[in-house]
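Visitor: Got a minute to walk me through a model? I'd like to start with the charged side chains.

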Amino acid sequence: MNSFGMKLRFSTFGESHGKALGCLLDGVPAGLSIDEEYIQSELDRRKPGKSEFETARKEADKVEILSGVFEGKSTGTPIAMVIYNTNQKSRDYTNIKDVFRPGHADFTYFHKYGIRDYRGGGRSSARETAARVAAGAIAKLMLQELGVTVLSGISEVAGIHSENFDYEHAKNSIIYALDKDKEEAQKEAILKAKNEHDSVGGVSRVVIKGAPIGLGQPLYYKLDGVLADAMMGINAVKAVEIGDGVLSSKVHGSQNNDQIRAKGFESNHSGGILGGISNGEDIVLNVYFKPTPSIFKEQHTVTTENEEVDFSLKGRHDPCVAVRGTVVCESMAALVIADMLLLNMGSTMDGVLKYYN
């Protein structure tokens, strides 16, 4: 499936080395101010080729709105956006035309569909996430109207953990580092792996501020479940935590419970979600990215005919996919929250009556 969401639903199309990629966003209420400069600025945060910490592929990632917007406002009809590919180098992949890359999805895509698009991974490439960021930018414009913000940054690279989470610093960091005291060590780890023709993993920390109590549709469209689904659908993500996540399995209930007083919760181990429903606290996620599988070391693999070979990959790839991936995490979180806000409007008769009265 290439679609996501219920009330606010988007679909993406396109391949890494195709003519273009894009998205169709349906369910945006009419009358939302569509700031095209803001949408472009979000794509600029994710686009490749900005620094030595990213792939050398340079794409303008210029977004073009095709429908659903008139005189700067959403019309209530589907918003279609397209981003043209301008810097493909498909010839870099001719040496793997019939060779599977270890750790990459080309193995499973080929065995599922029987068709091999070897040019940068085709549909399975993280290039597709540019379309998600475009859709997410519109979701963020919706959230801004309601005082909800989504922030993120890199909290870990190659096992180097952040001790402080400064989201304002992350905005100005070339690797979106949350901890300025750990940033240089994290940069060095990325460049060291790059110079050794290898890659490193990382962790994106996402926080959603201002979300009201009541978001989430139990039992089978819980807020934490859908957020986890959204994050796990991002290329190279292998794990997601809500709140304390794994740590909550190692403590007693008396330590993990968020006790409550008249002014609110005394802690936030739950990450802002109880029973699949937002509780008014900050919603906190940790999203774990594996090392980029596209590396330049010689590796063992097989061909499409199952013949064993050793090969070395060519091309342009991120030494740490988590860096640009954190922008995608923000976008997907925004799409989920916007969808949940629209769904929540009809949760009670009071809500229905307020609208129709």
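Visitor: Is K140 buried or exposed?
Guide: K140 counts as buried, at 7% relative accessibility. Buried means under 20% relative accessible area, exposed means over 50%, and partly exposed is in between, with a 1.4 Å probe and protein chains only. Keep in mind that this is a predicted model, where local features need pLDDT of at least 70, side-chain atom pairs count only at pLDDT 80 or more, and totals for chains, interfaces and linings use all residues. Residues are numbered from 1 along each chain as its sequence is written, and side-chain values use heavy atoms, with hydrogens and water left out.

Visitor: What does K140 pair with?
Guide: The side chain of K140 makes a salt bridge with E42, at 2.7 Å from N to O. E42 sits in helix 1 and K140 in helix 3 (residues 129-145), 98 residues apart, so the pair links distant parts of the chain. E42 is buried too, with 4% relative accessibility. The salt bridge criterion is a side-chain nitrogen of Lys or Arg within 4 Å of a carboxyl oxygen of Asp or Glu. Helices (H or I, at least four residues) and strands (E, at least two) are DSSP runs, numbered from the N terminus.

Visitor: How many salt bridges in the whole structure?
Guide: A full search gives 17. One of them joins R45 to E330, with the closest N and O atoms 2.9 Å apart. Since R45 is in helix 1 and E330 in helix 8, that pair ties together parts 285 residues apart in sequence. R45 is partly exposed at 21% relative accessibility, while E330 is buried at 4%. Through shared partners, salt bridges join E42, R45, K140 and E330 into one network.

Visitor: And how do helix 1 and helix 8 cross?
Guide: The axes of helix 1 (residues 36-46) and helix 8 (residues 322-344) come within 8 Å and cross at roughly 145°. Axes here are lines fitted to C-alpha atoms, for helices over the stretch in contact, with angles from 0 to 180 degrees between N-to-C directions. Helix 1 brings E42, R45 and R46 to the contact, and helix 8 brings R324, V327, V328 and E330. Contact means heavy atoms within 4.5 Å.

Visitor: Switching topic: where's L215?
Guide: L215 is in the loop between strand 10 (202-209) and helix 6 (223-232). At 0% relative accessibility, L215 is buried. Leaving aside residues up to four places away in sequence, L215 touches L223, G276, I277, S278, I337, M340, L341 and N344.

Visitor: Which peptide bond is cis?
Guide: The one from P218 to L219, with omega near 5°. L219 is also in the loop between strand 10 and helix 6.

Visitor: What about phi at D61 and H197?
Guide: D61 has a positive phi of about 50° without being a glycine, and H197, also not a glycine, has a positive phi near 60°. For context, most residues other than glycine have a negative phi, and most peptide bonds are trans. D61 is in the loop between helix 1 and strand 4 (63-67) and is buried at 0% relative accessibility. H197 is in the loop between helix 5 (180-195) and strand 10, partly exposed at 43%.
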